[in-house]
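Me: I'd like to go through a structure with you and ask how each label is earned. Can you set the values against the cut-offs for me?

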Amino acid sequence: MRWENLTEGPAGPAALFGAGAVVTRTIDTPEFRGITFHEVRARSIVNRVPGASRMPFEWTVNPYRGCSHACVYCFARKTHSYLDLDTGLGFDSQIVVKTNAPELLRRELAAPRWSGAHIAMGTNVDCYQRAEGRYRLMPGIIEALRDRANPFSILTKGTLILRDLPLLREAAEVTEVGISVSAGFTDTALWRTVEPGTPSPAARLNAVRTLTDAGIECGVLMAPVIPFLGDSPAQLRATVRAVAESGATSVTPLVLHLRPGAREWFTAWLGEHHPHLVERYERMYAGGSYAPTWYQRMITRQVHELAAEFGIGPARRGAARPIAGPERPDGPASAGATQLTLL
């Protein structure tokens, strides 16, 4: 890995990390076995979303690069190539940790040029992935946002978010806080192969229940809906029913998209586990990274009809099911810290 291209010195002001600021650690414990952490001192933490993005926000915070959730379809895999790291297994196991993220965020939020705009988290890699159990960056990040009454949102597959529930409630008293949990399907066999490092879909939806019962409204991003593997009428019905039973305030379907970096890794996985589908995927995604518009509209219509049938909304909350512990002013963005778009 050519860290010298990303630190102060020859790279100049566009460098991502300070000089001599990279420490590599391999921790031989069961929960982190096979994972290498690269601890860095980031130069900026609030990143601007590209202008062409479809996202309804302009700024993000990403305390990690790479993700041990190891979702085979993850669109953020390409970001690892910027660090000369492998976008396959390397993305899953070589995790960059911005150890100074909370203090850096506090400083950037206090800068006169910061406008107090909404900040989104978890839109690149998951901020509640396994590494967060060790590094505990999110409490300091939420505290910084709370203390400045800065609106923010979090998207996650990680049940570790429940650890920070008291902080989230405190923040929600002074600013707008949006929480979404990602769960594209409830099929456990599919989950074990396509999202091997994540909590189960059932555990994620239990987390939704706990959040909503604590007064934190939580929506579900039903993502990804995977063509030919998770899109049958029965599968969609089972998933939307489970989302409704979790007390989620909304459900938003998102069909699988395959960008460069993720596309190659997903195709290799598909060839190993479902070789009969390779040609169908080649035809479906022949036009680019996205499934055809007609297919996306079909899935959206079915999910919306099911949501109406099951009456998804806060009125459907039931008893809590607790989860066990962890398993346009110019802003402070740098040239090397551009956020990829989710959609």
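Me: Let's start with H9, in what is a predicted model. How do you know that the reach of helix H9 is close to what is expected?
Reply: H9 covers residues 262-273, twelve residues in all, and spans 16 Å from its first C-alpha to its last. The expected span is 1.5 Å times one less than the number of residues, and for H9 that comes to 16 Å. So the reach is close to expectation, by the rule of 1.5 Å times one less than the residue count.

Me: Which residues of H9 are buried?
Reply: Ala-262, Phe-266, Trp-269 and Leu-270.

Me: What makes you put them on the same side of H9?
Reply: They cover an arc of only 100° around the axis, so they sit on the same side of H9. The general background is that an α-helix has 3.6 residues a turn, so residues three or four places apart point the same way.

Me: What do those buried residues pack against?
Reply: Two helices: H6 (188-194) and H10 (278-284).

Me: Gly-261 sits in the loop between strand E11 (251-255) and H9. Why is Gly-261 called buried?
Reply: Its relative accessibility is 14%. Buried means under 20%, so Gly-261 at 14% counts as buried. Leaving out residues up to four places away in sequence, Gly-261 touches Arg-77 and Thr-87. It's also 9.1 Å from His-80, C-alpha to C-alpha, with their positions 181 residues apart in sequence.

Me: And Val-243, in helix H8 (residues 233-245): why does Val-243 count as buried?
Reply: Same kind of check. Val-243 has a relative accessible area of 0%, and the cut-off for buried is under 20%, so Val-243 is buried. Neighbours within four places aside, Val-243 is in contact with Leu-205, Val-220, Ala-248, Ser-250, Val-251 and Ile-312. Its C-alpha is 8.5 Å from that of Ala-183, 60 residues away along the chain.

Me: On to the rings. How many aromatic pairs does the structure hold?
Reply: Eight.

Me: Why is the pair of Tyr-281 and Tyr-285 called stacked?
Reply: The ring centres of Tyr-281 and Tyr-285 are 5.7 Å apart, with 5° between the planes. A pair needs centres within 6.5 Å, and planes under 30 degrees apart count as stacked. Both tests are passed, so Tyr-281 and Tyr-285 form a stacked pair. Both tyrosines are buried, too.

Me: What makes Trp-294 and Tyr-295 edge-to-face, then?
Reply: For Trp-294 and Tyr-295 the numbers are 5.9 Å centre to centre and 90° between the planes. The distance is within 6.5 Å and the angle is over 60 degrees, so the edge-to-face label applies.

Me: Are Trp-294 and Tyr-295 buried or exposed?
Reply: One of each. Trp-294 has 56% relative accessibility and exposed means over 50%, so Trp-294 counts as exposed. Tyr-295 is at 2%, and the buried cut-off is under 20%, so Tyr-295 is buried.

Me: Which residues do ring pairs link into a cluster?
Reply: Phe-228, Phe-266, Trp-269, Tyr-281 and Tyr-285. Phe-266 and Trp-269 are also among the buried residues of H9.

Me: How do you know that the charged end of Arg-280 sits over the ring of Phe-228?
Reply: The charged end of Arg-280 is 3.9 Å from the ring centre of Phe-228. The distance limit is 6 Å, and the direction has to be within 35 degrees of the ring normal. Arg-280 is listed as over the ring, and 3.9 Å satisfies the distance part. Arg-134 likewise lies over the face of Tyr-135, at 5.3 Å from the ring centre.

Me: Last topic, the sheet. What makes the pairing in E1-E2-E6-E5 mixed?
Reply: E1 and E2 (residues 36-40) run antiparallel, joined by four bridges. E2 and E6 pair in the parallel sense over five bridges, and E5 joins E6 antiparallel through two. Two strands pair if there are at least two bridges between them, so E5 and E6, with two, count as paired.

Me: Why are E1 (23-26) and E5 (64-65) called edge strands?
Reply: Each pairs on one side only.

Me: Which residues stand opposite His-38?
Reply: Thr-24, and Val-96 in E6.

Conventions
Residues numbered from 1 in each chain as written. Predicted model: local features only at pLDDT ≥ 70, side-chain atom pairs only at ≥ 80, totals over all residues. Heavy atoms only, no water. Phe/Tyr/Trp six-rings, centres within 6.5 Å; stacked < 30°, edge-to-face > 60°. Buried < 20%, exposed > 50% of the residue type's maximum accessible area, 1.4 Å probe, protein only. Arc of directions from axis to C-beta. Contact = heavy atoms within 4.5 Å.
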